[in-house]
Amino acid sequence: MKTPDTYLRYRIPLTVLVMVVLLLAGARLRPVSPDPLIQSQAAWDQFWVQKTFPQGSYDLLLLGDSRLYRGVSPAIMARTLTDTRIHNLGYSSGGLSPTLYQWATRLLDTTRHPGIVLAISPWTLTETAARQEQLTRELSRPPADRFHRRYIAPWLTPWTPLTPREVYDHLAGTVVPPASLYYQTFFPDGWVASRLVPADTARALEPYRLEYQTDRISPRLVAALGEQVQAWTRQGIRVWAFRPPTTRSMQVLEDELAPYDEAAIRQLITTSGGRWISLDPTRYQSYDGSHLDSASAVVLSADLAAAIRSADAPLP
C-alpha cells in the first residue's frame, strides 16, 4: 500500500517535469518578432558588459565611436598582427575623452610593448561625445546586473514577455515587418558585424546635419587629444590614428559642419609622437551613410593591421 509520503515523492519530480515541458513548449511556440533588433536585445546587453569588462588585458586597444565598433574586427586584425591580444573599445556616440583614456589604460598590458589605435571621427571630438554616456553607464552598472546580463539574460530570451498587442498581431496575422531590417552579430572582442537591408547610404546624413548645428569639434578636446598621445608615448605606449572611412557625402558634410580639418588632426597626432594611417575610402561600403557593412569592416580591419605592421617594429 502506498503511503502519502510515496505519492509526495513521485509528485515533486512529476511537477518539475511538467513545468520543464511547459517552459520548453512556451519557448518553442512563442512568436518571433520579424525585427532583428528586437530579437537581438539580450545579445546587445551582453555585448556591452563583455566589451567593457573583458576577462584579461590587451596588447592593442582600439578607441573610438560606433564607426569603430561596427567597422573594425580585432579577430581579423590578429590574423596579421599574430600573437597580439586586441580589443575594440568603441562606444555608441562615444568621444575621445579622459573617461575612455583612463579605462583603456587600465586594460592595457604595459609589459608587452603596448599600443593604442585611435579612430578619430569628427563626432569623437565634440563635447556631447566627450560625456561618454554609454561607457559611464556600463562602468556604474552594479556587479549583480553585469553578471545577469553576461551569463543569465541570453538564456531567458525565449521567455521575454510579449505585450497583448504583440500576441494579438501574431495570432491575427497582422504583424507588419519594419521597412528595413538591421542585422547585427556580436563578438566578445568588441566588434559588431552590421548590415542594413535594404542599404540606405543617405540615412545618417540628416541626423548628423542636425547634430552639427549645436555640436562642433571642441578645441579643448583636440588639445587634450594631443596631450594624451604625448603622455602615452612617454610611457612607451605606441599610438596610431586614422579617420574611420565613410561615404563621400558624409565626409563632405562633416568637413564643412563639424568642421573637421583632417590635415591638422594628422599633424597633431604625428607631432605628439603618434603615427597617422591614411586610408582610401573608396575601398569600403557603408550601409547607412555612416557605418561600414560587415564585408567592408573585414577589409578595413585587414588594411589597418597591415598598416600597423609596416609602420612600426613587429608587435609581440
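In this predicted model, the loop between α9 (143-152) and α10 (164-172) is home to L156. With a relative accessibility of 41%, L156 falls in the partly exposed class, because that class spans the range between the 20% limit for buried residues and the 50% limit for exposed ones. L156 also takes part in a nonpolar patch on the surface, where F147, Y151 and I152 join it. Together, the four residues of this patch have about 370 Å² of accessible area.

A helix pair offers a second feature to look at in the structure. Two packed helices are described by the angle between their axes and the distance between the axes. For helix α11 (residues 205-214) and helix α13 (residues 248-257), the packing angle is about 5° and the axes lie 10 Å apart. Helix α11 is therefore roughly parallel to α13, since angles under 35 degrees count as such. On the α11 side, the contacts are made by L205, Y208, R209 and Y212; their partners in α13 are S249, M250, L253, E254 and L257.

Turning to the protein as a whole, the secondary structure comprises 15 helices and seven strands. The chain has 316 residues, of which 46% count as buried. Among contacts in the protein with a separation of 6 or more, 81% come from residues 24 or more positions apart. The exposed area of the protein is about 16,100 Å², and carbon and sulfur atoms contribute 59% of that area.

Technical notes: Residues are numbered from 1 along each chain as its sequence is written. This is a predicted model: local features need pLDDT of at least 70, side-chain atom pairs count only at pLDDT 80 or more; totals for chains, interfaces and linings use all residues. Side-chain values use heavy atoms; hydrogens and water are left out. Patches are made of residues with over 30% relative accessible area and no salt bridge: like charges are joined within 9 Å, nonpolar side chains (Val, Leu, Ile, Met, Phe, Trp, Tyr) within 5 Å. Accessible areas come from the Shrake-Rupley method with a 1.4 Å probe; for residues, only the protein chains shown count as cover. A salt bridge is a side-chain nitrogen of Lys or Arg within 4 Å of a carboxyl oxygen of Asp or Glu. Helices (H or I, at least four residues) and strands (E, at least two) are DSSP runs, numbered from the N terminus. Buried means under 20% relative accessible area, exposed over 50%, partly exposed in between (1.4 Å probe, protein chains only). Axes are lines fitted to C-alpha atoms, for helices over the stretch in contact, and angles run from 0 to 180 degrees between N-to-C directions. Angles under 35 degrees count as roughly parallel, over 145 as roughly antiparallel, 65 to 115 as roughly perpendicular and the rest as oblique. Contact means heavy atoms within 4.5 Å.
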